[in-house]
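Please open the model in your viewer and keep the sequence panel beside it, since each stop below begins with a selection. The tour proceeds from a single residue to larger elements and ends with backbone details.

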Amino acid sequence: MIAVNGDIGFYKFKSNDFVNIDECIVLKESLFKRIKSFVYDNNITGNIYAIENNNNEALAFLEIDKKINIKSLDNFYKYFDGIAIKYNKKIKSYGIYSIIYKTKYGDVPIGNKTFFQSNLYLLDDFQDEVIKYLNNDDITIIELYAGSGFFTAAIESKLKSLNKNYKFISSEINKDSVNIANKYGFNIKSEDAFITLKNIDYNIDTLIMDPPREGIDKKLISEIIRIKPKKIIYVSCDPMTFSRDINLLKEYYKLLDLNIIDMFADTYHIEVISCLEYKNSFNSCY
């Protein structure tokens, strides 16, 4: 979200014209009020990202171009339980740095410098749509771009219900995400997705990927083709890069199912959840 002289809003599509807003239907109302009050009371200009959990604890990350009087933030506890402020390439943190979001499949930690979905209303559906493709044939599973464990929690829960002897590897390149995830009981590797696959020398039943907007690069495509996972569950926040990547895999994989979750209503931002099957595999998405 953008803050300009104490107001919050967004830029118009493909422009730098700021549009002030008085409500945001995809955010919890309590979180929107926190952000609005904090920005107004401190006359903030910059980018602000904030998240609130089920227990009304909230974190914020503020990126500013103009230095503000930090002393004026001494009372930020009435807005957030923890805040990180980035100015001139340096980050200063105040208060707590992580909170727990309770999902139906377990607790997931959130940090003030890690990514988490803003629209909390569809998170249960999001997890369900990903793990519905897992079945009794899934013994060896790899998850790439794990973040701080949002899908990891759901995947592990589903695998435990299916088979006690599964082998599950999860990785994430963002060290802040890995650190808080593993502090709360996950076992996520701190490494690049390419390195994770490069070290695989055994058969994989299912590969689960949730890459950033730019999708997956050709090096990773090559490793996927090399290890030939029987099934791929691909989550994407950009249909264009998703289409590009699927096209690069079409010689080896067929797209069996695709669903969409509209995280940001009335915008072009959607989440795509898909399942692909290796053409010579019997590990189906169904």
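Begin by selecting Thr196, which is found in helix H5 (residues 193–198); helices here are DSSP runs of H or I with at least four residues, strands are runs of E with at least two, and both are numbered from the N terminus. This is a predicted model, in which local features need pLDDT of at least 70 and side-chain atom pairs count only at pLDDT 80 or more, while totals for chains, interfaces and linings use all residues. Residues are numbered from 1 along each chain as its sequence is written, and side-chain values use heavy atoms, with hydrogens and water left out.

With a relative accessible area of 3%, Thr196 is buried (buried means under 20% relative accessible area, exposed over 50%, and partly exposed in between, with a 1.4 Å probe and protein chains only). Now show the surroundings of Thr196: leaving aside residues up to four places away in sequence, Thr196 touches Ile142, Leu144, Ile169, Ser171 and Glu191, where contact means heavy atoms within 4.5 Å. If you draw a distance between the C-alpha atoms of Thr196 and Leu144, it should read 8.0 Å, although the two residues are 52 apart along the chain.

Next, select Gln127, whose place is in helix H2. Is Gln127 buried or exposed? Its relative accessible area is 0%, so Gln127 is buried. Beyond residues up to four places away in sequence, Gln127 touches Thr103, Lys104, Tyr105, Phe150, Phe151 and Ala154.

Widen the selection to helix H2 (residues 123–131) and helix H3 (residues 150–162), whose axes come within 10 Å and cross at roughly 55°; axes are lines fitted to C-alpha atoms, for helices over the stretch in contact, and angles run from 0 to 180 degrees between N-to-C directions. That angle makes H2 oblique to H3, given that angles under 35 degrees count as roughly parallel, over 145 as roughly antiparallel, 65 to 115 as roughly perpendicular and the rest as oblique. To display the contact, choose Leu123, Phe126, Gln127, Val130 and Ile131 of H2 together with Phe150, Phe151, Ala154, Ile155 and Lys158 of H3.

Turn then to the sheet, an open one in which seven strands follow the order S3-S2-S1-S4-S5-S6-S7 with mixed pairing; two strands pair if DSSP finds at least two bridges between them. Strand S3 (18–20) and strand S7 (90–95) stand at the edges, and because each has a single partner strand, one side of each is left without a neighbour in the sheet. From one strand to the next, the twist averages 30°. Zoom in on S2 and S3, which pair in the antiparallel sense over three bridges, and pick out Gly9, whose bridge partner in S3 is Asn20. Adding helix H1 (residues 29–41) shows the element that packs on this sheet, touching S1, S2, S4, S5 and strand S6 (82–87), with a direction about 145° from that of S4.

Finish with two loop residues and their backbone angles. Most residues other than glycine have a negative phi. Asn5, in the loop between strand S1 (2–4) and strand S2 (7–11), nevertheless has a positive phi of about 50°, and at 53% relative accessibility Asn5 counts as exposed. Asn56, in the loop between strand S4 (46–52) and strand S5 (58–64), has a positive phi near 65° and is partly exposed, with a relative accessible area of 46%.
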